[in-house]
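Colleague: I'm new to this one, so could you take me in for a close look at a single part, the nonpolar core and what sits around it? An informal tour is fine.

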Amino acid sequence: MQPSMFPLPFDAQGNLILSGIHAPNGAWSIDSLGNASFQSLDVSGVLTEQGVDLLAALNEAPLGTIAYVNFQSGTNTANIGTTETIAFQGVVGQLFANRFYRFSLKGHIQYSAAAVAVDVRIRYTTDGSTPTTTSTILRTVRVSSSNSSQDLDLFKYYSPAVDYDNWKFCITMQVANAGTTDWYMGGGDRSCEFAVDELGTKGNVGE
């Protein structure tokens with residue numbers, strides 16, 4: 001066996017000498033207190049900090065916003081009446097059973113004088129198919145028409161029963177009695193936004 005070009009300082013018992021070791025070019029080092037510096041670190045097993053599995057801890061933490069769309073078309077949606085109608089649709093992607101999510105929808109809706117209330121729903125599919133007005137409902141909000149228009153802030157906390165590879169959604173609207181409604185899409189500070197935030201594992205919620 002050929003000796004190393006830069007032999008490590010072992011003592012007679014095969015232990016590293018406590019004065020520390022370092023690369024000749026300064027790219028990495030370990031000092032006598034165990035403090036280490038590397039350009040990169042590839043760990044194939046468990047990496048711990050004071051007995052805590054760092055990868056497990058990171059996996060439990062929230063990931064933040066994982067999906068976002070701004071429906072700012074500049075043109076209001078067509079008037080929607082008493083027949084439930086899809087206003088918007090989109091794709092979120094993967095959702096996992098051991099995680100919590102927050103779905104939020106913000107925008108501004110307008111309605112005619114005859115409309116007493118408007119139902120706004122988030123419907124979804126998990127098999128890759130396009131959602132329809134008969135798909136599973138995630139959340140419904142009924143908005144009473146106290147004036148000609150108002151802001152809407154709809155949200156839902158959710159954790160699926162199993163993992164889903166392709167979660168798709170649609171936003172539907174329906175006037176409860178008569179008249180019509182539409183989304184205001186003038187843009188700017190009242191554009192319609194939909195977002196999904198990943199909140200971490202179930203153990204991080206409600207404890």
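Modeller: Here is a walk through the core, then the charged pairs, and then a couple of other spots. Keep in mind that this is a predicted model.

Let's start with the core itself. The largest nonpolar core has 34 residues, and those with the most contacts inside it are F103, L105, V120, W167, I171, W183 and F194. Quite a few strands chip in: β6 (64–71), β7 (85–95), β8, β9 (117–125), β10 (136–144), β11 (149–158), β12 (164–175) and β14 (192–201) each supply at least two of its residues. The largest share, six residues, comes from β12. As general background, nonpolar side chains tend to be buried together in soluble globular proteins.

Now pick out F103, which lies in strand β8. Its relative accessible area is 0%, so F103 is buried. Who does F103 touch, leaving aside its neighbours within four places in sequence? The list is L95, L138, L154, F155, K156, Y158, W167, F194, A195 and V196. Two of the names on that list, W167 and F194, are also among the residues with the most contacts inside the core. For another sense of the fold, try T65: T65 and F103 are 38 residues apart in sequence, while their C-alpha atoms are 9.9 Å apart in space.

Stay on β8 for a moment, because H108 is found in this strand (residues 99–111) and counts as buried at 4% relative accessibility. The side chain of H108 has polar company. It makes a polar contact with the side chain of D151, at 2.6 Å. A polar atom of the H108 side chain also lies 3.3 Å from the backbone oxygen of Q150.

Next come the charged pairs. Side chains of opposite charge can pair when their charged atoms come close. The structure holds five salt bridges, and three of them are worth a stop.

One is between R123 and E84, with the closest N and O atoms 2.8 Å apart. This pair links distant parts of the chain, as R123 is in strand β9 and E84 in the loop between β6 and β7, 39 residues apart. Both R123 and E84 are buried.

Another brings us back to β8: the side chains of E198 and R99 meet in a salt bridge, 2.3 Å from N to O. Here E198 in strand β14 and R99 in strand β8 are 99 residues apart, so to speak a link between distant parts of the chain. E198 is buried, with a relative accessible area of 3%, and R99 counts as buried too, at 8%.

The third joins the side chains of D119 and R142, at 2.8 Å from N to O. D119 lies in strand β9 and R142 in strand β10, so this salt bridge ties together parts that are 23 residues apart in sequence. Is each partner buried or exposed? D119 counts as buried at 6% relative accessibility, whereas R142 is exposed at 54%. Salt bridges that share partners join E84, D119, R121, R123 and R142 into one network.

Last, a look at the outside. W28, F38, L41, V43 and L47 form a nonpolar patch on the surface, and together they have about 450 Å² of accessible area. One of them, L47, is found in the loop between β3 (36–37) and β4 (48–49). At 39% relative accessibility, L47 counts as partly exposed.

Definitions and conventions:
Residues numbered from 1 in each chain as written. Predicted model: local features only at pLDDT ≥ 70, side-chain atom pairs only at ≥ 80, totals over all residues. Heavy atoms only, no water. Buried < 20%, exposed > 50% of the residue type's maximum accessible area, 1.4 Å probe, protein only. Polar contact = N/O pair within 3.5 Å; in protein donor to acceptor, adjacent residues only side chain to side chain. Patch = residues over 30% accessible without salt bridge, like charges linked within 9 Å, V, L, I, M, F, W, Y side chains within 5 Å. Areas by Shrake-Rupley, 256 points an atom, 1.4 Å probe, with all protein chains shown as cover. Salt bridge = Lys/Arg side-chain N within 4 Å of Asp/Glu carboxyl O. Core = buried A, V, L, I, M, F, W, Y, C linked by side-chain atoms within 4.5 Å. Contact = heavy atoms within 4.5 Å.
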